[in-house]
Amino acid sequence: MLKAFRDNLKRLMWILWLVIAAFILLVFVDFGGAGYRNTAQTDSTAATVGGETISLDDFRRQYQQSERQAQAIYGANYTPELGRQLGIAVQALDGLIAKHILTAEAERLGLAVSAEELRAEILEIPGFQENGVFIGQDEYQRTLRANGFTVADFERELRGQLLVQKLRDVLSQTLYVTDQEIESSYRDQVERAAIRYVQVDAGRFTDAAAPTSADLDAYFQAHRADFRVPERRSVDYLIVEPRLLRSTIQLEEAELRAYYDSNIAEFTDEQQVRARHILLTADGPEAVAAGKARIEDLKRRIAAGEDFAALARQYSQDETTKDRGGELGFFGRGRYNPQLEEAAFAGKPGDLVGPIESDLLNQTGLDLIQIMDRREGGVADFESVRPRIQSRLLNDRSQAAAENVAKELGNKIKEDKLTTAEGMRGLAQGREGVAFESAGPFTRDDNVAGFGRGTAFTAKAFELERGKISEPLQVARGWVVVRVASIEEARLPELAEVEQKVKDAVQIEKAKEAALAALRQSADKVRAGGASLEQIATELGAEVKSSGSFNRSAAIGELGREPAVSDAVFALDTGGVGGPVATRTGAVIFQVDERTKGDSTELATRRDELREQVTNQRLENLLLSIVEERRLKLEVHYNQQLLESFGVLQPAATG
């Protein structure tokens, strides 16, 4: 379930950034919410992309937006721990990295946003309007400050959104959608089927499918390219790990005190209250009076024991919170309207307060709130945060020390013109926190022990020539200096090298052929009316299963995604018998129980709509491919301590 949600959330990030990007700019979020805390960080950088930085403030805003998406899905079941399991921190960073890459791509193509375009966009944002008129520069700045933005940050963010939209517009003009693609999309949307089927697993026939030497040779010659051995590299490297340098760093008490005194805001929490509410809207004096009466009635019902959340779901007109029982979460001052906040902060946990009257856009709002919890806030005393300060300063110093040591090693390698593993090993001897290690052989796609898969370490290893040594490179563990020890070029193998893989492939193919043969006669019986699926299943020691309704591109019950089976199903009408068809694990025969077809008239009327849908989908795929390609070329580094604070990495994590 968690993996599925992570995948969906990743896709949701694309929809938010690339399809309705302007929406993000309209939803100002509370940056002091339950999930994000201003834990100690190495610096103000959340990640770097090709040497350029993504700020901690940008991450904080995007993290809160991602967390709210999760809260909307999970409601009251959402917790910070669940957020860590879902990987929201990484999702937020990846979304920012994608946006950064696409903004750079737009600039590379010569796209730009003028001051006039930026100003026009700001003036169109409802949050900056009052009665259809811009709220004025002072109120504009105040609103941004209240939501964690400086004017410069907000306008930079908005300019980036507009640049990405321009990139979308330019790329969409290069896409051509054929009539066949439109018809295929239409069929995927409207055509459905349901089948009953009998599947025979190929594993039942492996003993009877032992390949001969001739079988192996024939298959290998026909599929030799499938067994191509990719390029592999072996490397030596010096690794400088900050965590191993921490014990060498001494901190004076005065340093800890000085940091505390200079960063008092870091240790100050604002007063917050947690509440839930029921909102009614009214237009005109009579409606206001009726709304107040309804609020009073709800208060009596809640006091008598009825569930506040259930009543909120039934009566509240706040579409954002009603489905989660009116839950507002913890919030500080400046988040909601002043009347509601004044009542919330004046109350104590358990209080029911209302009706609270406030001015909404062209309407009157009437709130009933229930105070659930309080956080008094204030400045944490020095002793309570002393370990936190010590950890931060130790981390800062050890990170800086590791970088300095790595640069010293790099300079020494240049000065002494070292090119051998022995020379690098000598540099590591006697140096605290420095180790000489080797890795490989590995391919571009392998998970390299100690570093992970698809990292800057692997990219650098495949960038260098044999015998060459890299500049110091930052990785998750610290800093490395890499030397390419050997290169095994990509090549076509001999049969002896991959004989077991070939044998496995031939055996699977033969087993599937045997499964098809076992079902072929059975399928003919069912078509001729000589047997039912149930009878065939009994004969084969299998069972009849039902798929449920599916479309052309969906999973077919327990069979999963099987394009060949899907094609065979949608070529038949209700009652038709199909198969046998080979599947990933064997073969299947089926009978169509339900079949819904498209309508040519409807297709004609929806053609323009479908063309736009297909174009947008292809555009998303194109943008995704641009991001993936650029990430491979750029060095992308995450702030390790930031991710550690979310439980994504352990202090000595390697991937």
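How many aromatic pairs does a search of the whole structure find? In this predicted model, the search turns up 16 aromatic pairs. A few of them are worth a closer look, but the overall picture comes first.

The chain runs to 655 residues, and 43% of them count as buried. Its secondary structure is made up of 23 helices and 21 strands. Take the contacts between residues at least 6 apart in sequence, and 74% of those turn out to join residues at least 24 apart.

Back to the rings, with F442 as the starting point. F442 and F457 make up one of the aromatic pairs, with 6.5 Å from centre to centre and 35° between the planes, and this pair is tilted. F442 sits in strand β13 (residues 434–442) while F457 belongs to helix α18 (residues 456–461), so the pair ties together parts that are 15 residues apart in sequence. Both F442 and F457 are buried. For F442 the relative accessibility is 4%, and because buried means under 20%, F442 falls on the buried side.

F442 has another aromatic partner in F462. Here the ring centres are 6.0 Å apart and the planes stand at 65°, so the pair of F442 and F462 is edge-to-face; planes over 60 degrees apart are given that name. This pair, too, links distant parts of the chain: F442 is in strand β13, F462 is in the loop between α18 and β16 (473–475), and 20 residues separate them. F462 has a relative accessible area of 7%, so F462 is buried. Put together with Y237 and F451, the rings of F442, F457 and F462 form one aromatic cluster.

Some rings also have a charge for company. R477 lies over the face of F451, 5.3 Å from the ring centre, and F451 is one of the members of the cluster just described. Elsewhere, R257 lies over the face of F382, at 3.9 Å from the ring centre.

Helix packing comes next, starting with α10 and α19. The axes of helix α10 (residues 213–223) and helix α19 (residues 499–527) come within 9 Å and cross at roughly 100°. That angle is why α10 and α19 count as roughly perpendicular to each other. On the α10 side, the residues that meet α19 are D215, L216, Y219 and F220. They face E499, V502, K503, A505, V506, E509 and K510 in α19. Sorted by class, this contact of α10 with α19 has 6 nonpolar and 5 charged residues, with no polar ones.

A second crossing involves helix α5 (residues 88–108) and helix α22 (residues 600–633), whose axes are 10 Å apart and pack at an angle of about 95°. α5 and α22 are therefore roughly perpendicular to each other. From α5 come D94, I97, A98, I101, L102, E105 and R108, which meet L623, I626, V627, R630 and R631 in α22. By class, the contact of α5 with α22 has 7 nonpolar and 5 charged residues, and again no polar ones.

Finally, there is G51, found in the loop between β1 (45–49) and β2 (52–55). Is G51 buried or exposed? The relative accessibility of G51 is 64%, so G51 counts as exposed. In sequence, G51 and V636 are 585 residues apart, yet in space they are 8.1 Å apart, C-alpha to C-alpha.

Methods:
Residues are numbered from 1 along each chain as its sequence is written. This is a predicted model: local features need pLDDT of at least 70, side-chain atom pairs count only at pLDDT 80 or more; totals for chains, interfaces and linings use all residues. Side-chain values use heavy atoms; hydrogens and water are left out. Rings of Phe, Tyr and Trp (its six-membered ring) pair if their centres lie within 6.5 Å; planes under 30 degrees apart count as stacked, over 60 as edge-to-face and the rest as tilted. Helices (H or I, at least four residues) and strands (E, at least two) are DSSP runs, numbered from the N terminus. Buried means under 20% relative accessible area, exposed over 50%, partly exposed in between (1.4 Å probe, protein chains only). A charge sits over a ring if NZ of Lys or CZ of Arg is within 6 Å of the ring centre and within 35 degrees of the ring normal. Axes are lines fitted to C-alpha atoms, for helices over the stretch in contact, and angles run from 0 to 180 degrees between N-to-C directions. Angles under 35 degrees count as roughly parallel, over 145 as roughly antiparallel, 65 to 115 as roughly perpendicular and the rest as oblique. Contact means heavy atoms within 4.5 Å. Ala, Val, Leu, Ile, Met, Phe, Trp, Tyr, Cys and Pro count as nonpolar, Asp, Glu, Lys and Arg as charged, and the others, Gly among them, as polar.
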